[in-house]
Each structure stands twice: as structure tokens, then as C-alpha cells.
Protein chains: 2
Amino acid sequence: MKSEKMIVAGAVFSFCAAFSALGVSTVAEGKLNAGCEAVWMWYPGEYGIWRGNKLQFERLQWGAELAPFWPSYGFNPVAEFSATFDLAEPEEVEMVADGTLNVNVNRKDCAAVLGKLILPKGRVEIKARVANNVRPPALFVNGKTVKSGEGWRVGWWQKDAQTLPAEFDAKFTCAEKKPGDWKLNHERAEPVEVRRLDGCALFADFGRESYGYLALEDVTGKGAVRVVFAESEKEALDEKPKAPQDCMEWVSLAAKDAKNAEILWDKARGFRYVSVWPVEGDLSIGRVAMERELPRSPRRGAFRCSDERVNQIWDVAADTLELTCREIFVEGIKRDHWVWSGDVVQALLMNYYLTGDWEGCRDTLWCVRGKDPVVTHLNSILDYSFFWYDAVATHILYSGDKLFAEAVHPRMESLIRFIESRLDKHGRPAARNGDWVFIDWAPQKLHNTGGVCAFEMMLLARAYEAMGNGEWEERRLAAHPWGTGNGEWEMEKRGAILRDEVMRLFWDEGKGGLMHLLKNDGTLDSQLTRYPNIFGIKWNYFDEGQKSNVVERILLNDAVMKIQTPYMRFYELEALAALGLQEKVLSEIKSYWGGMLDEGATSFWELYNTSEKGDAHLAMYGRPYGKSLCHAWGASPIYLLGRYFLGVEPTAPGYAEYVVKPNLGGLEWMEGKVPTPLGDIEVTVSNGTVTVKGNSGKGTLIWNGERMPIPPRYSP
Amino acid sequence: MKSEKMIVAGAVFSFCAAFSALGVSTVAEGKLNAGCEAVWMWYPGEYGIWRGNKLQFERLQWGAELAPFWPSYGFNPVAEFSATFDLAEPEEVEMVADGTLNVNVNRKDCAAVLGKLILPKGRVEIKARVANNVRPPALFVNGKTVKSGEGWRVGWWQKDAQTLPAEFDAKFTCAEKKPGDWKLNHERAEPVEVRRLDGCALFADFGRESYGYLALEDVTGKGAVRVVFAESEKEALDEKPKAPQDCMEWVSLAAKDAKNAEILWDKARGFRYVSVWPVEGDLSIGRVAMERELPRSPRRGAFRCSDERVNQIWDVAADTLELTCREIFVEGIKRDHWVWSGDVVQALLMNYYLTGDWEGCRDTLWCVRGKDPVVTHLNSILDYSFFWYDAVATHILYSGDKLFAEAVHPRMESLIRFIESRLDKHGRPAARNGDWVFIDWAPQKLHNTGGVCAFEMMLLARAYEAMGNGEWEERRLAAHPWGTGNGEWEMEKRGAILRDEVMRLFWDEGKGGLMHLLKNDGTLDSQLTRYPNIFGIKWNYFDEGQKSNVVERILLNDAVMKIQTPYMRFYELEALAALGLQEKVLSEIKSYWGGMLDEGATSFWELYNTSEKGDAHLAMYGRPYGKSLCHAWGASPIYLLGRYFLGVEPTAPGYAEYVVKPNLGGLEWMEGKVPTPLGDIEVTVSNGTVTVKGNSGKGTLIWNGERMPIPPRYSP
């Protein structure tokens, strides 16, 4: 078909039918946010899940893309938006949809003509149905006072009983920039070193871990090449054209009759090194470069101190975290590329101290949760379903995002129903068919399926608590503070019962801590691990006497199996820091993360065994290059330093209240910034003096055992 | 970004890892269908629902597109395909996905390189994960013996407990032609008459009802026009530029600096007339034309007889049906454009006698059912949920599609659970909040919410029966004949209880038929309607004495409220024909459908009131042009003539067995063809002689009260 397609007015609406002043319904009041910018809005979670799918489907394995093995959920192709406004005078509004749009004002359908919608004076009830078959429907409304954003509700069909607050993202304020088109910014980067070798057409080192689109320049001829993406030089050069099993991240690219062409691989990848190998025909590649993606968020958090080694660690941790925070926060940028719930808990906590990227955190929480029906644990892992509740509760505390708190609640409920359908007859989280009990990567198997782990029970208790309205442990568990109260107290009760059971069933006075596993025969397994004891500290399971025992006889006892992953190091060091052992924590940070730096890391790893040297560090999962060398959970010093050295912590959602309890941990001085939804909090500790600047919220400084309100308050 | 994008080999796989002979699992046996063509395959229902969304989202109303008000469901972005083969020798296969593809052979992931997958000799278990974020994932596999199609299973994630037979469509046999790209064929059509009038830039008549893409040719200037799509000349010329409320189907089109451009409107529409009205600026339109879409299926069915009027009616009915059968079968091609379950029952029955387009019927059944969760009745109409079961059972009987029978069963179950959740305390289908009890368009309200209608109870009984394995009424209700038997007999029992209750509660000996409504106080409403009595005949509720009473005192009694819609005329005439009253039926067909022809119809209407004349026929729903003039349910003579005059009817799924029971109904002669999955059945009745040619299946001719096997069997 020959087609010079016209611009069609379907997206821009103009008042046409005579509106009636009748027909006011009871939908939520639209906020008259004059002065605020209009933002694109959609059904809660849809873009988090959709973007998450896209990223996760692009995991690369031997030239093929590998989508997750757990369920991936589609989007609802229709969204029904509504809001009610009281207008002092008639108002012209622009309405733009990503999808087809039909507007109903005061219960009459409107006509779409060239122009804009003119709303009448008085009470105006707007309904807008947006339909899109290829990506989540979205709507943008912009008038003088009537704007899309807070105050709008959205359902997935006309009579959706769970109509939720519309979701949006402060960065999508332009009618022309639809949220489905969003990509991260990028800039050209050239390799710092290029080599041509026997059999390898081209080898390039981009100098540091990067994420972006590979460009082959000056491509001439006809044929095919294999491009290997690598995090180590050894991997990039170990390519075996006939059986490329060891290097897993590569693609085959083919061209016909190219003449000095530039070829841009249209999917962004994580790598530092690239090697290009001829496969077929005669294709010459002049140069390689990349469009390096820039961090998705500004680095609002900061940390500097008297110890340069610690500063280096903080910088590389910040690089690591930024690299893993794509449109959705993936765990490893090269090998894994999937989004894991337990890992996300930590990536979010780090973000609260580095970027304050609340939307990125929120979208990642949606991505990891997915939708209904729930047919397996998140990522198929028992602990990861429970961890998600911890992440949600913590996110609400840090972000103060009450729209998310409301929107996510139905999915907290449906997941807990799934979880409960799989508890054993005592109401305890035993692993069922197909459930993966992860806990941690460790030299010994952490879960014997013939029983229940203390660790899992504690996580489930936390999940129950996160469903509640209650305030445990200095309000850090204040999930859903604007909740409906419907059924939540029952959840808290179940959480409390589990807490009691954990202590009753697993506490071993002789060992001075919590044991690991309760076997099906009702007796305790002899295995003693750090895991339940770390979380016992984190979530206040112990009295003072028990606490001392746990610290001395387990946490500081080298005879108890050591933790090798930065993942569990996170919680271990957090527990020590929560106990005030900052000097110990600092020393561990310096030796553990410093050790990776000594091994040449430009980003932190999935796993670090301090006793290994050189190339041994590249191996994991039985593969010589199986380890992710840029792994979000490797970046935990960001969190530890911000939360337990600068000592900044919200105590009411969104930093409406917070405490600052600095601890130098042996440093001479330190200074830093922590992002909050109300502005940055700046902390300087030097020469026995603490200076805190907080932009708003009710702050309390705790210093030398004293509590005092944080002065001065200043306006930006 | 500058980008000359490469072709990437991600879709073409080659054997790489060393395969193990171990790892054979229990997935379904792949059929060694050497000689058959490979076909694209997908998760059952996904393309029916996705294409249905696309079409339905394009309903046009005052320049805007209006998606359905009931729930629209998205697609699953991942599909897991699997099959097992026993190969006598190694085999090379081509694998192409619509989406990302990862292949696992004998429990080892494969590498994707330039080339093909080479399968080893022996038992080969193939798994393939396809992920697609913008349309349903699909897979095409083509080797010498290993081909996609029958024998493959598919789940929506790795451990999907309901893994179903993969679905496919015989027309997608080309690797390059992905099912998501499919569009109907079209050809250029010029108007038969063009006028230029005061205020109207252009008026064109395309001579008959059509469906296609409008083209504006020789467009010059800058500005905007409104294009009105109309089924009547009056509507096309009644456009009021300032308040176009009466004509509902129009779009605004704008152009900048066009110079002799051709502009093709990229969404196909139903219309016969088009008018173009200047709105803004100065845009001159030289000519209009259209790309008229061709029928989606060949017209395999045929009917000719001694009465030319009846032949005309059959022809226009066939045109009508073909026009409404788009990628999915919509009800009305202009106004409505949505897909309605009750209407689909009839469109499918007509297709069984005209096109034998089993895939189109199947996809439409999926479209109308949607997915889970079920949150409202289909199309929000109580009767329409029940009717869907009738359509499914009937489709299985006519098509013999056992893959569909298996695949649809889980959704039959989940819908029946929803239905049962809304029954009253007696287990009867009372209307709940928001349920629409439709029954028929009629001058008087057919449902008083204070009670239960006999009609609804009979439909629910039929739904229960359709869930079963049983064989009622000469096996016409043989739903799910390959069913698992799991729970189905319970369903049949519930159906039987309802049947008994209908007779016990609604039969009025004095009135000689079934009454309409049982009020909440337990007494019968005095209203007597044809509806339950028609269905009582259709589904054998009556003994011979009751039957005579119903015919004489209700069906042939002009004092009982007449039926005006072709929708219920369908069942009324079917009931008469089932009673052997073909002469009466023929006379009704000639006067009712003939009456529409007399009014100038080139396709049959949504509603016809024989007492109205001229423009009054255009009005409906309180709008002067609200009536659909090309409505699938208007085409029922196709079914009535094929089923009750030629008398062809399957009695075992897929015409494995069938009867032919011709009835001239007063005609001198008739001849025709009926499509079946096993070939056409040809029937000729002339000079007291019947000739039947059936290609296969066990046929029985019933003629003059005698039953005889159908000779001759011949091969094509």
C-alpha cells in the first residue's frame, strides 16, 4: 500500500457534546495542582513490570536470549482513568494518550475533533478509557488546573472494584515523550586499548565496567562475526569459535555487502571488554566503540572521610550500584540480567543512600512481584517472597510514597494468600514441591528439605508485620501507614506468633544462639549458622543477655561458617553496626571490599573469597567466567556508611521524622549527604563536632547519648 | 543514534552443546508429521484475544475510538513450548520465533549460532522458551520430520501445571509470515457514484456494504477534513459540521502542505458511503477510493433453489456474514465493532454452513471468553456467559477440534466457577449487581430483576451439559468428547436438575407453555413470551403433547409478542424447522429477509420492523442512524437453509458421523454444499430424487422416513 499517513486527531480531544451539570459520581477528588506539572500516568505497576520484562528477556546465553524461568506477566491493554474537579471557570485541557482514547465528561461521551477538550465551570467528572495492545496504556492531561498526576484513579476495566491511584513518574512531564519510549541517556565512549590478535579480529578494553550499546564502525564486506562481551580480559580472549561454552555472553552478527557501515547492536549490554571473532565470510571491522548509558539518576548521596581507602570503596560501590540500576534494577549487568527479590531489598536500601530514585525503586518492586495469579514464590525462592514484604515496607518508610502504599496492598494480600496456601500444618514455611530455599550461596547446603529453617520463619514473621499497621522497632516496620486496617491486625498477630515460635523452637542456650533447622521429627538439626542470628539482631529478637551471647559466640566466632557473599555480608555487617561495633565493621569493609580493589575490581562482585587469587575469582557456578563482576549486592558499603556511620535513618514515612546518630567507627572525620524526598540531609563530623543540615522533617540528632532536635532549619 | 541494524542470528539456532541421551521427560509425544507442513504455534487463545482487542479497540464514536466497557485481557509475554521425538537419524531443523528464543534439547541449553539446530538420533526432548513483550510469543519449527504443529505442548511458564496443546492455524506455514503480522487481503475499489455538494467536499457511494481502508487521492493544501463513514446515503449527507452527534462514525484527518498526496487511513472500517467535510484550512481532495478487504475465507457452502427470491436472500446473507468475519468475527461492521457472545453463537453456526473457517470460529470463541480472572459475565450479560458454552460445545461438534476441546476446558471451568458464585440460594441464575439480562431487544422489558427467567435457567442447564461428557439430543451437545471426565458428570447432574426445575416451576398447563419469570415471592409473573418456549423446542424440554400446545398456542399465535430481531428470529425459525414446519419457515424467510431486500438492503440488519418504512429503518438506540445495517445475526438464512432444508448435521465431532435429512419446504428443487473438516457434502433434491455426495465420515440419509447409508463414497 502506498501511504503518506495523515496525522490523526484521535489523541487530541475537543469538547463537542453539550455537557450536563448532572452526573457527578463519587470517584476520588482530583487535586487542583495548579503550578505542578502534568505527568503521564498509568495503572500501578504496569510499566515496572513491562520494562522489567524487556530487560530480563535480554539475558544473553551463548548467542541466545534467555527469559526468566519463573512466570512473566503481561500488561492490561485497557486502563480507565477518572478524576473529579471543581472549576471556577471553563477550562481548556489537552489530553494525549498512548493508545486509543475515549473521554467521558459528566457522564457523556465526548467527540474527538481537532482541538482541545473544554471543560465546563462547576463540578466536572472526567473519565478516560485508554486502550493499547502493544504496551501499557498511559494518559497525559494538561490544563491550567486540571492535570494528570496525583488525584486521578485508575482501574483495568469500567467497573474495576479495586480502582487504584494512578501511578506516574516525575520525569515524564512532556506530552510528546511517552513513558513507553523512555530510554536511558547515553554518550559515545571509545576503548582505552585495542588489539588485533591471531584469530581475533579485534579486542577492546573500555577501561571500566560499562553498560551500553556496542558499535562496530567501518564495517566492510559480507559475512558474520561473533562478538564476545566480557568483564575480564581473560574471558574476552578465551573465546573458542567451535565450542564457545565458557564465554556465555556473545552474539552473532551478520552483514551483507557492507561498505564502511556503522553497526549499532540495538540491545544494551554490560561489559568492560569486547572481542570480535570471524565466523563466516569476510567481514572487516574497522573500529569498535560504544554508546555508554549514563546513570539513570543523579548521585545525590555522598561520603568522604579521613581514610582514602574507604573513599575509594565508596566510589566503586557507587559505580557498581549505578551500573546495575537500568530502567529496572538488575542484579548483575552481564551474566544474570534478571531481577531477584532478595537482592532487590539491598539495591533499594543502597539507592536510598545514593540516588533517592524513588520511582526506580518502586518500579523494581513491581517488577519483582509481578501480577496475579501467583503460582510460585517470587523468583521461585521461598525467602524471596518474604523478603519482598520487607522491601515494600522499607520503601514506604524511606520514600513516603502513599500512592504506592495503597496501590501495592492488593498484591501484598494475594501473595500472602499464596504463601499461606503452602505453609505446613503448624503454619510454618516448609518448602513445597519446586520451592527453592536459597538463604545464601555457601559451601554447605543450607536447607534440608526435611524441616523448617529459623531464617525462613523470621522472614515470614517480617512479612506479616509488613502487612500490618503497627509500629515495631522504632517504626522501621511501618508498612502501609495509610492502610485501610482491613485485616491487617490479624496479620500482625500471626507475625507475633511466629516470632515467639522462633525463640521457643530454635533458641539453644548451650550454643548461645538460634539454631538453623527444625527437622520434621521435631528435633533441632545440629547445624549452627550465622543467618538466623544476624536477623535476630536486625529484627530485635533478643534480650540484652541473648544479644551478647549471639555476638560473642556466633557473630564474632571464626569457628562458625564464614559468609562469603556480599549479599549476606550486608546483613552481617549491618547487625554488627546496629550493635555499635562500627570499628569492626570498618575494618571488615576495608579488608573485604578493599580486597576486591586489590584484585583490580572496577565494580564489586557477586562473591568474593578472600583466600582466592587472580583468575580463580572469575569462576562461579562451575564455569570459569560464571561470576558476575558487577553485582548490585556488592555495593553495600553505600548503605552501611550512610545508615550506620553518618547514621541517617527515617523514623516516619518519607523522612517526616528522622534521626541522625553518627558513629565515626575510628575515622578521624567524615562528611556526607543522604537524599530524602524532602531534600538532602548533610552530616559532618569532625573534631568532636557534628553538623547536620536537614531541609525539612522533624530531625533528632543522637550524639554522645544525648538526643536533640536538629538545628538549623533552613530553606533552600 | 545512527544505525544500520544488523540481522541477528537470535532466531536461527544451531546445535552446540554435546547432547546427552539422558533426560527424557514425560512431555507429550511430538507427532512425526513428515509430509505435513510446519505451522506457527502459540499458547491457546492468545492470538484470538489479541486480534480481538485490536479490532474492538477501533470502534469509532464521534472521531474517537472506543474500547469495550467489559474487561480486555492482555497476553502472556512468555510461552514454553515442548515436544519429544524419536529420530531414526540426526536431523537439522530451522527454529524461528516471534520474540526472543532459547532452546533446550535433552535438558541442555543450546547455543544460537548462524545455522540450524541439529538434533541427535534417538529420543529428543525439545523445550523452547519464547518471550515477546509486544505481542503473543510464537514459534515455528521446520525439519524433515520435526515440525511445529500438532503434538507440541505449551505453558505460560516453565512449570505451568496446565500445560496445553499448542495452538496453530493452517494458514501460517511460512517462517517469514508471522501470525502477529497477518492482515486480510484487499483490493482497490472505486466508488460507483461521486458527488460534490454545498458544504460537502465529496460524497461517494461504493455501491454496496464494504469493509476496508479509505484512501483520499490527489490531496493538496493544508488543513483538516472530517470523513463520515455511513451505511445510508441519508446519514452520509446529514453531517452537521458544528455538532456531528447523529452521525457517529467519523474521523478527523489533517495534513500539512500536501501536494497531490495519497492518504490511506490505516484502520479498516465498515461503510458503503463516505462523505468528506472541510473543517479547517484549505485542503482539496481529488478523489476517494478504498482498499476493500476481501473475505477471510473461501465460500465453500452453497445453496440454490427454484425460488429466485430465496437465492437472493442466501446471497445477501452470505455477503453479510463475510463482511462481519474479519480477523475476528465482529457483530456489526460499522457501529458496533465489538464481539458479543450470544451473537457469536449464531455467526459460528452460519460459518459452519458457509465457510468452514474453523480457526476463525475458534479464535472468536477465545476472544469472547477472554482470560482469568473472570470478574463479570461475558460482555457483562448473564445470558452471554451461558451462551458461550453452547457455542463451544457446538464448535467442537462441527469442527472436531480436539486440541481446542482440551485447551478451552480450564476456561470453561473458571467461568462456571464465576457463574456459580453468583447463583441464588436455590442455585438459580438471578441477576446480580451489574449483570445485564439481555434475552432480546423487545418493546417490553424482558427481565424484572425481582426474579429468575426460565430462559436464563435453560441456558444455564445447557452450559452445565456442555461441560459434560454426555450425549443429549442425538449427540448435538457432545461438548468436550475427549474430556478428562474430571468433575464433568457432576456438571451434567446439575444441568439435569435445572431442566427438571424449569418444567416444574415455569410450565403453565392453562397457557400451554413455559411462563417467562418466576418472581422472588415464588409466584409466576403473568408475562408470556416466546423465548423459553423456543428454547424448549430446541433443547427437547417437551413431550409430544406439550410440544403441540407450545406450537399452536404460542409459536404460531400472533397474540403473543412478536420477535423483531433477526437474533431471536434465528431461534424461532429454527424451532419451527426442527418441528418440520419448513414451509412456514420458508414463507417467513421470504417475507422478513425479503422485506429488507425490498428496502434496498445490500446486507442484513440488526433489527427489522416490517411495519416501518424508509428512513425509519435507520434509527435505533434513540439515534437516527443508530442501527447496524450489516449485522452478523442478520445472516441466519445461511444456517436455516443448510441445516434444515439441505438438512446436513454432524452427529459426531468433526462429521465423523452425520445425517442428511433434506426438506424442500415447498420448493420445487434445491441443491447445495456444506463444508466439513473432511470435505464438502453436496446435496441435490430434485424430482423426488435426493443425491448426496460426502467425502468421508459415516453419513446417514433420512428421506421419506427411511434411514440409509450415504452412497457413493468417492475420493477427490
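User: How many bridges join strand β5 of chain B to strand β10 of chain B?

Analyst: Ten bridges join β5 (residues 78–87) to β10 (residues 122–131) in chain B, and the two strands run antiparallel. Strands here are DSSP runs of E with at least two residues, helices are runs of H or I with at least four residues, and both are numbered from the N terminus. The model is predicted: local features need pLDDT of at least 70, side-chain atom pairs count only at pLDDT 80 or more, and totals for chains, interfaces and linings use all residues. Residues are numbered from 1 along each chain as its sequence is written, while chains are lettered from A and ligands numbered from 1 in the order in which they are written.

User: What is the bridge partner of Ser82(B) in β10(B)?

Analyst: Ser82(B) has Lys127(B) as its bridge partner.

User: Which strands are the edge strands of the sheet β8-β7-β10-β5-β12-β13 in chain B?

Analyst: That open sheet has six strands with antiparallel pairing. Its edge strands are β8 (108–109) and β13 (164–165) of chain B, as each pairs on one side only. Two strands pair if DSSP finds at least two bridges between them.

User: How do you know that β20 and β27 of chain B pair?

Analyst: Four bridges join β20(B) to β27 (residues 670–674) of chain B, and the cut-off is at least two, so they pair. Arg304(B) stands opposite Glu671(B) in β27(B).

User: Why is one side of β20 and of β29 in chain B left without a neighbour in the sheet?

Analyst: The open sheet runs in the order β20-β27-β28-β29, with antiparallel pairing. β20 (302–305) and β29 (689–694) stand at its edges with a single partner strand each, so one side of each has no neighbour in the sheet.

User: What makes α4(B) oblique to α14(B)?

Analyst: The axes of α4 (residues 341–354) and α14 (residues 637–645) of chain B come within 8 Å and cross at roughly 55°. Angles under 35 degrees count as roughly parallel, over 145 as roughly antiparallel, 65 to 115 as roughly perpendicular and the rest as oblique. The crossing angle therefore makes α4(B) oblique to α14(B). Axes are lines fitted to C-alpha atoms, for helices over the stretch in contact, and angles run from 0 to 180 degrees between N-to-C directions.

User: Why is α3(A) called oblique to α14(A)?

Analyst: The axes of α3 (residues 308–324) and α14 (residues 637–645) of chain A come within 8 Å and cross at roughly 120°. That angle makes α3(A) oblique to α14(A).
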